[in-house]
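Here are a few worked exercises to do with the model open beside you. Try each task before you read its solution.

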Amino acid sequence: SFDSSGPGGVWQVTSQDSSDSLLAGCTDGTDPCCNARLAYAHAYNQGGATKVPTGYCSNQADCTQIYSDCGAKTGAPWNDVSVDLKMKVAGATIPACSYKTNPWYPDGGASLANVTVDQEPCYWGPFSIAAGGVGKEFFPGFYGWGGYLQHYLNSKAGACDFSPQCVSQCDVAKYAAYPSYIDLALSACQQMGAATPTPVTVPTPKPAAPATPE
C-alpha cells in the first residue's frame with residue numbers, strides 16, 4: 001500500500017523537482033501511474049547522462065586515492081588515480097557496467113581486487129551510476145568514495161561487502177555462506193534460461209455449420 005511505502009509512493013520518489021514533474025507530465029506521487037512516470041523522469045534527469053559531466057573528478061573523491069573496507073584511510077587501495085584522472089574526463093563516453101571486465105582500465109580491471117571496482121561512472125540498465133543527469137549534476141549524496149556498482153553486486157545480505165559504501169564492517173565468517181547479489185541475479189537468469197517453455201496448443205476452430213433454411 002502507499003501508506004506503508006513511505007512519502008515517495010511505491011517507487012520511493014521523495015526528491016522530485018519541477019524538471020521531473022515537467023517530464024513526467026504529472027505531480028501526484030500517490031497515483032501509481034504518475035508515481036512510475038515520476039520515477040522514470042527523476043532517474044533520467046538525475047542519472048541519464050551519456051557523457052562524463054564537467055567537474056566529475058572535482059565533485060567526488062572517486063578520482064583521489066581511496067581505500068576498501070568502509071572508507072578506511074589506509075589498506076587495500078580501491079582505485080588507480082592515474083586511470084581515473086586520464087579516463088574520467090569531461091565529455092568521455094560513459095561505458096556500460098560489467099561484472100566481467102572494467103571498461104575504464106586498459107587491463108580490463110585485472111590489476112584491481114575485483115573488476116567491478118572503480119567502474120563509476122557506468123551505465124547499469126537504462127541509467128548511469130554516479131555520473132550525472134541530463135542537464136544537471138547528480139545528487140551530491142551520490143558523490144564520493146566510488147564503488148556503487150561493486151556495492152550492489154557483491155554485497156551480502158546488504159550488510160557485508162568491502163566497498164567504501166559498505167553498511168558495516170564485514171564479518172567474513174558470519175556471511176561466508178551467503179550469496180552475493182550478483183550470485184543471486186546470475187542464478188535467477190540461469191534458472192530462467194534453463195526453463196523449457198511448455199508449448200501452448202491452440203485448437204483449430206471448426207467451420208460453422210451451414211445455416212438451416214427455416
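**Exercise 1: the overall build**

What share of the contacts in the protein with a separation of 6 or more comes from residues 24 or more positions apart?

Before solving, two notes on the input. This is a predicted model, where local features need pLDDT of at least 70 and side-chain atom pairs count only at pLDDT 80 or more, while totals for chains, interfaces and linings use all residues. Residues are numbered from 1 along each chain as its sequence is written, and side-chain values use heavy atoms, with hydrogens and water left out.

Step 1. Fix what a contact is: heavy atoms within 4.5 Å. On that basis, the share is 54%.

Step 2. Add the secondary structure, with helices (H or I, at least four residues) and strands (E, at least two) taken as DSSP runs numbered from the N terminus. There are seven helices and two strands, and along the sequence they follow α-α-α-α-β-β-α-α-α.

Step 3. Sort residues by relative accessible area: buried is under 20%, exposed is over 50%, and partly exposed is in between (1.4 Å probe, protein chains only). Of the 214 residues, 38% count as buried.

Step 4. Now the surface, using Shrake-Rupley areas with a 1.4 Å probe; for residues, only the protein chains shown count as cover. The protein exposes about 12,500 Å², with carbon and sulfur atoms supplying 62% of that area.

**Exercise 2: salt bridges around a lysine**

Find which residues are joined with Lys88 into one salt-bridge network.

Step 1. Set the rule: a side-chain nitrogen of Lys or Arg within 4 Å of a carboxyl oxygen of Asp or Glu. Searching the whole structure gives two salt bridges.

Step 2. Take the pairs in turn. Lys88 meets Asp84 at 3.1 Å, N to O, and Lys88 also meets Asp118 at 2.9 Å, N to O.

Step 3. Place the second pair. Lys88 and Asp118 both lie in the loop between α4 and β1, so this bridge ties together parts that are 30 residues apart in sequence.

Step 4. Put the bridges together: through shared partners, Asp84, Lys88 and Asp118 form one network.

Step 5. Check burial. Lys88 counts as buried because its relative accessible area is 2%; Asp84 is buried too, at 0%, and Asp118 also has 0%.

Step 6. Look at the backbone of Asp118: its phi is near 55°, a positive value in a residue other than glycine.

**Exercise 3: one loop, several details**

Work out what the side chains of Thr116 and Gln119 reach.

Step 1. Locate them. Thr116 is in the loop between α4 (81-87) and β1 (122-124), and Gln119 is in that loop between α4 and β1 as well.

Step 2. Ask how covered they are. Thr116 is buried because its relative accessibility is 2%, and Gln119 is buried because its value is 0%.

Step 3. Look for polar contacts, meaning N or O atom pairs within 3.5 Å; within protein, one atom must be able to donate a hydrogen and the other to accept it, and residues adjacent in sequence count only if both atoms are side-chain atoms. The Thr116 side chain pairs with the side chain of Asn114 at 2.8 Å, whereas the Gln119 side chain reaches the backbone oxygen of Ser98 at 2.5 Å.

Step 4. List contacts, leaving aside neighbours within four places in sequence. Those of Thr116 include Ser98 and Leu149, and those of Gln119 also include Ser98 and Leu149.

Step 5. Finish with a peptide bond. Glu120 to Pro121 is cis, with omega near 0°, and Pro121 is in the loop between α4 and β1.

**Exercise 4: nonpolar cores and a patch**

Which residues have the most contacts inside the largest nonpolar core?

Step 1. Define a core: buried Ala, Val, Leu, Ile, Met, Phe, Trp, Tyr and Cys residues joined through side-chain atoms within 4.5 Å.

Step 2. Read off the largest, which has 14 residues; Val52, Ile94 and Tyr105 have the most contacts inside it. A second, separate core of eight residues includes Cys97, Cys122, Ala130 and Ile182.

Step 3. Turn to the surface. Leu23, Tyr40 and Tyr44 make a nonpolar patch of about 300 Å². Patch residues have over 30% relative accessible area and no salt bridge, with like charges joined within 9 Å and nonpolar side chains (Val, Leu, Ile, Met, Phe, Trp, Tyr) within 5 Å.

Step 4. Check one member: Leu23, in helix α1 (residues 18-24), counts as partly exposed because its relative accessibility is 43%.
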